[in-house]
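Dear colleague,

Please find below the structure that I am handing over to you. I would be grateful if you would look through it together with the notes that come after it.

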Amino acid sequence: RVPGGRAGVQEAVRVAFGACGDLEQVKVLDGKNCAFAKFRLRACAEFAREALAEQPLFPGSEPMNLRWATEDPNPGVRKRDAARNQAELASSLEAQGVCLTPAE
């Protein structure tokens with residue numbers, strides 16, 4: 001049994017993985033012994049995978065088996081994520097003084 005049920009697992013995942021970087025979403029699958037942590041940056045996800053691999057989520061529990069999730073098959077989600085990533089990149093470059101508008 002997990003302390004706090006689904007909400008307890010979700011909070012434990014949020015705390016453990018959130019220590020590795022900014023999380024966009026934590027999703028726990030009921031009855032599947034499975035959760036997904038979506039990071040804002042891939043580098044944070046890579047760090048979390050290395051740092052938390054084979055570590056228990058709760059004291060005395062089995063070690064976590066961490067794997068990469070597959071890409072979302074929903075084309076709308078993929079398009080939205082690509083647009084968001086492009087906007088974040090453009091914003092970052094503009095903040096560094098890079099002009100993205102083509103010269104005429």
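The notes below take up helix H2, the core, the charged side chains and the cysteines in turn.

Please bear in mind throughout that this is a predicted model.

**Helix H2 and its two faces**

Helix H2 covers residues 42-52. Its buried residues are Cys44, Ala45, Ala48 and Leu52. These four lie on the same side of H2, because the arc they cover around the axis is only 100°. Helix H1 and strand S2 (34-39) are among the elements that cover the buried residues of H2. On the face turned away from the buried side, H2 carries the exposed residues Arg42, Ala43 and Glu50. Just after the helix, glutamate 54 adopts a positive phi of about 65°.

One salt bridge lies within this helix: the side chains of glutamate 46 and arginine 42 meet at 2.8 Å, N to O. The two residues are 4 apart in H2, about one turn of the helix. Residues three or four places apart in an α-helix point the same way, because there are 3.6 residues a turn. Arginine 42 counts as exposed, with a relative accessibility of 54%, while glutamate 46 is partly exposed at 35%.

**The nonpolar core**

In the largest nonpolar core there are 15 residues, and Phe17, Phe39, Ala48 and Leu52 have the most contacts inside it. Helix H1 (5-18), strand S1 (23-29) and H2 each give two or more residues to this core. Such grouping has a general background: nonpolar side chains tend to be buried together in soluble globular proteins. Leucine 52 may be worth viewing on its own. Leaving aside residues up to four places away in sequence, leucine 52 touches Ala16, Phe17, Cys20, Met64 and Leu66.

**Salt bridges around aspartate 81**

The structure as a whole holds 10 salt bridges. A network of them links Asp22, Glu24, Lys38, Arg40, Arg80, Asp81, Arg84 and Glu88. Aspartate 81, which is placed in helix H3, takes part in two of the pairings described here. Its side chain meets that of arginine 80 at 3.4 Å, N to O, and that of arginine 84 at 3.3 Å, N to O. Arginine 84 and aspartate 81 are 3 residues apart in helix H3 (residues 75-95), a separation of about one helical turn. In addition, a polar contact of 3.5 Å joins the side chains of aspartate 81 and lysine 38.

Is aspartate 81 buried or exposed? Aspartate 81 is buried, because its relative accessible area of 15% is under the 20% cut-off. Arginine 84, at 27% relative accessibility, counts as partly exposed.

**The cysteines**

How many disulfides does a search of the whole structure find? The search finds 0 disulfides. Cysteine 34 is in none, and the nearest cysteine sulfur, that of cysteine 20, is 18 Å away. Cysteine 44 is likewise in no disulfide; for this residue the nearest cysteine sulfur, again that of cysteine 20, is 8.1 Å away. Neither pair qualifies, because a disulfide requires the sulfur atoms to be within 2.5 Å. With regard to accessibility, cysteine 34 is partly exposed at 29%, whereas cysteine 44 is buried, with a relative accessible area of 17%.

With kind regards

Methods. Residues are numbered from 1 along each chain as its sequence is written. This is a predicted model: local features need pLDDT of at least 70, side-chain atom pairs count only at pLDDT 80 or more; totals for chains, interfaces and linings use all residues. Side-chain values use heavy atoms; hydrogens and water are left out. A salt bridge is a side-chain nitrogen of Lys or Arg within 4 Å of a carboxyl oxygen of Asp or Glu. Buried means under 20% relative accessible area, exposed over 50%, partly exposed in between (1.4 Å probe, protein chains only). A nonpolar core is a set of buried Ala, Val, Leu, Ile, Met, Phe, Trp, Tyr and Cys residues joined through side-chain atoms within 4.5 Å. Contact means heavy atoms within 4.5 Å. A polar contact is a pair of N or O atoms within 3.5 Å; within protein, one must be able to donate a hydrogen and the other to accept it, and residues adjacent in sequence count only if both atoms are side-chain atoms. The arc is that of the directions from the helix axis to the C-beta atoms.
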